[in-house]
Amino acid sequence: MAKGKLNNQVRRLRFENGEMTQQKLADATGVTRQTIIAIESGKYAPSLPLAFRIARTFGVGVEEVFEYEGEE
Amino acid sequence: MNRTQKSAIFCLVTFLFCVVVMAYPFISIFILKSWPESFFSRSWSMIAYFVFIAASIIFLRKKQSPAEPDFDERDDLIKKRAVLVSFVSVWILLAAACIIPRFILGETGAIPVYVLPFINLGIFMIATLVHSVAILVQYGWGGKDGKG
């Protein structure tokens, strides 16, 4: 099975969106703050619906938030 | 801390409390060979019990923010893994409960019938403990998360 890494720009986008707190992002996306922390630190790969909700909160496309780094 | 973490801590504390409370009559009956004094007949013990329950309810119900969900997809995943670990621990403990008495008592040894419910109860209590610990370990004991 091919293994890849999911990089994300959540932290940067939070700060670019008026220094949004993790709690505010969590409330906007319907998850707990711990889940946002885990996503930011790369410990947890979110489901597609959650990835889209995060991207929509920032008003960008999902590929601007998450980037898959793996074998082609 | 979210609700899943808090529930796991509550289970862990309750388990440890039960172990301490149960250890007293167990030591009295089986080691000191005397009937224990009733723990719950004392007024302070009932007050301590209600204070513990009230504090636990406040602790469990308090949210990080009003919009915080009770659980999300990551909590679900963590709980599923914890159930799996707990299930595996039940099988390991059952196997140990079958093998260890044979080594201690030998091929023809015997154990009293009342020990069997204790073994079963003990296995499921330990499985509950494993479930709580598995949840806390997956969350990094609740202290390693960053702040932002």
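**Helix packing in chains A and B**

Analyst: Let's start with a helix pair in chain B: the axes of H3(B) (residues 73–105) and H4(B) (residues 115–138) come within 8 Å and cross at roughly 145°. This is a predicted model, where local features need pLDDT of at least 70, side-chain atom pairs count only at pLDDT 80 or more, and totals for chains, interfaces and linings use all residues. Residues are numbered from 1 along each chain as its sequence is written, while chains are lettered from A and ligands numbered from 1 in the order in which they are written.

User: What makes H3(B) and H4(B) helices, and what are the axes?

Analyst: Helices are DSSP runs of H or I with at least four residues, strands are E runs of at least two, and both are numbered from the N terminus. The axes are lines fitted to C-alpha atoms, for helices over the stretch in contact, with angles from 0 to 180 degrees between N-to-C directions.

User: Which hand does the crossing of H3(B) and H4(B) have?

Analyst: H3(B) passes H4(B) in a right-handed crossing. Right-handed means that the near helix is turned clockwise from the far one by less than a right angle; anticlockwise would be left-handed.

User: Which residues of H3(B) and H4(B) meet?

Analyst: Contact means C-beta atoms, placed from the backbone, within 7 Å of each other. Among those that pass are B:Val83, B:Val90 and B:Leu94 in H3(B), along with B:Ile119, B:Ile126 and B:His131 in H4(B). By class, this contact has 15 nonpolar, 4 polar and 2 charged residues. Nonpolar here means Ala, Val, Leu, Ile, Met, Phe, Trp, Tyr, Cys and Pro; Asp, Glu, Lys and Arg are charged, and the others, Gly among them, are polar.

User: Why are H1(B) and H2(B) called roughly antiparallel?

Analyst: H1(B) (residues 3–31) and H2(B) (residues 43–61) have axes that come within 9 Å and cross at roughly 155°. Angles over 145 degrees count as roughly antiparallel, under 35 as roughly parallel, 65 to 115 as roughly perpendicular and the rest as oblique. So H1(B) and H2(B) land in the roughly antiparallel bin. The contact joins B:Arg3, B:Lys6, B:Ser7 and B:Phe10 of H1(B) to B:Ser56, B:Phe59 and B:Leu60 of H2(B). The class count there is 3 nonpolar, 2 polar and 2 charged residues.

User: How do you know whether chain B is spread out or compact?

Analyst: Chain B has 4 helices and 0 strands, running α-α-α-α from the N terminus. Its radius of gyration is 20 Å, well over the 15 Å that the globule rule gives for 148 residues, so chain B is more spread out than a compact globule. That radius is taken over C-alpha atoms, and the rule is 2.2 Å times the number of residues to the power 0.38. The C-alpha atoms of chain B fill a box of roughly 60 × 40 × 20 Å along the principal axes.

User: And what makes chain A agree with a compact globule?

Analyst: For 72 residues a compact globule would have a radius of gyration near 11 Å, and chain A has 12 Å, which agrees. Chain A has 5 helices and 2 strands, in the order β-α-α-α-α-α-β. Its C-alpha trace spans about 35 × 20 × 20 Å along the principal axes.

User: What percentage of each chain is buried?

Analyst: A residue is buried if 20 or more other C-beta atoms, placed from the backbone, lie within 10 Å of its own; 12 or fewer makes it exposed, and in between is partly exposed. By that test 31% of the 72 residues of chain A are buried, and 12% of the 148 residues of chain B. In H2(A), the residues that pass are A:Gln22, A:Leu25, A:Ala26, A:Asp27 and A:Thr29. H1, H3 and H4 of chain A are among what covers them.

User: Why is H2(A) called oblique to H4(A)?

Analyst: The axes of H2(A) (residues 22–29) and H4(A) (residues 48–58) come within 9 Å and cross at roughly 120°. That value makes H2(A) oblique to H4(A). A:Leu25, A:Ala28 and A:Thr29 in H2(A) meet A:Leu50, A:Arg53, A:Ile54 and A:Thr57 in H4(A).

User: What holds the contact between the two chains, residue-wise?

Analyst: Here 16 residues of chain A are in contact with 14 residues of chain B. On the chain A side, H2 and H3 (33–40) each supply at least two residues, and H3(A) gives the most, with 5. By class, that side has 5 nonpolar, 9 polar and 2 charged residues.
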